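Please open the model in your viewer and keep the selection tool at hand. The tour below goes from stop to stop, saying what to select next and what is there.

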Amino acid sequence: MPAAVPRRPSLRAITGALASVSLVLALVAVVGAHSLLDRAEPRAGSTLTTSPPRVRLWFTGALEPAYSRVHVVNAAGERVDAGDSEVAAANRAVLTVSLPALPPGAYTVVWRIVSVDTHVSEGTFSFRVRP
């Protein structure tokens, strides 16, 4: 019985495999482009001895300024920030809002952003100002 001769892959099979790999890599790049909260000032869960002058949020990618907002509420759910939420012009991955002098208490930061790839993310975290 003659030995089987190995067949070379056809050009069509190679092209199809390369197209599949390219598609997977493109999808991974798109998923990786979503902006996620990287860090915050004040830090989530922190207890501060003085009122912070602002809340600053750093994200993993650029934000759409027209659709990205942050605000701060007290324990009663009343908004306490200055209402000047904005994406920083020098770094479109930073979202800030100014705060007046806050009395001691618990505060919740509420954010909603749209990244440049149109992905929407939102979240909350708390911090405290102690007496």
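## Salt bridges

The count comes to four salt bridges, where a salt bridge is a side-chain nitrogen of Lys or Arg within 4 Å of a carboxyl oxygen of Asp or Glu. Before selecting anything, note that this is a predicted model, in which local features need pLDDT of at least 70 and side-chain atom pairs count only at pLDDT 80 or more, while totals for chains, interfaces and linings use all residues. Residues are numbered from 1 along each chain as its sequence is written, and side-chain values use heavy atoms, with hydrogens and water left out.

Select Arg92 and Glu64, which form one of these salt bridges, with their closest N and O atoms 3.9 Å apart. Arg92 lies in the loop between β5 and β6 and Glu64 in the loop between β3 and β4, so the pair ties together parts that are 28 residues apart in sequence; the strands named here and below are DSSP runs (E, at least two residues), numbered from the N terminus. Arg92 is partly exposed at 37% relative accessibility, and Glu64 is partly exposed at 27%, on a scale where buried means under 20% relative accessible area, exposed over 50% and partly exposed in between (1.4 Å probe, protein chains only).

Move next to Arg112 and Glu122, a salt bridge whose closest N and O atoms are 3.8 Å apart. Arg112 belongs to strand β7 (residues 105-114) and Glu122 to strand β8 (residues 120-129), so this pair ties together parts that are ten residues apart in sequence. Arg112 counts as partly exposed at 41% relative accessibility, whereas Glu122 counts as exposed at 57%.

Then select Asp81 and Arg79, where the closest N and O atoms of the salt bridge are 2.9 Å apart. Asp81 is buried, with a relative accessible area of 11%.

## The open sheet

Now show the cartoon and colour β1, β3, β6 and β5, since the next stop is the sheet. In what order do the four strands form the open sheet? The order is β1-β3-β6-β5, with antiparallel pairing, and two strands are taken to pair if DSSP finds at least two bridges between them. The edge strands are β1 (37-41) and β5 (86-87), each of which pairs on one side only.

Start at the β1 edge, where four bridges join β1 to β3 in the antiparallel sense and Leu37 has Phe59 of β3 as its bridge partner. From there step to β3 (residues 54-59) and β6 (residues 94-98), which pair antiparallel over five bridges; select Val55 to find Val97 of β6 opposite, and Arg56 to find Thr96 of β6 opposite. Four of the five residues of β6 are buried, so β6 is largely enclosed by the rest of the structure.

At the other edge, two bridges join β5 to β6, again antiparallel, and the bridge partner of Val87 in β6 is Leu95. These two strands, β5 and β6, form a hairpin with six residues between them.

## Last stop: Ser85

Finish at Ser85, in the loop between β4 (69-74) and β5. Is Ser85 buried or exposed? At 14% relative accessibility, Ser85 counts as buried. Its side chain reaches the backbone nitrogen of Val70 at 3.0 Å. Leaving aside residues up to four places away in sequence, Ser85 touches Ser68, Arg69, Val70, Leu95, Thr96 and Val97, contact meaning heavy atoms within 4.5 Å.

Technical notes. A polar contact is a pair of N or O atoms within 3.5 Å; within protein, one must be able to donate a hydrogen and the other to accept it, and residues adjacent in sequence count only if both atoms are side-chain atoms.
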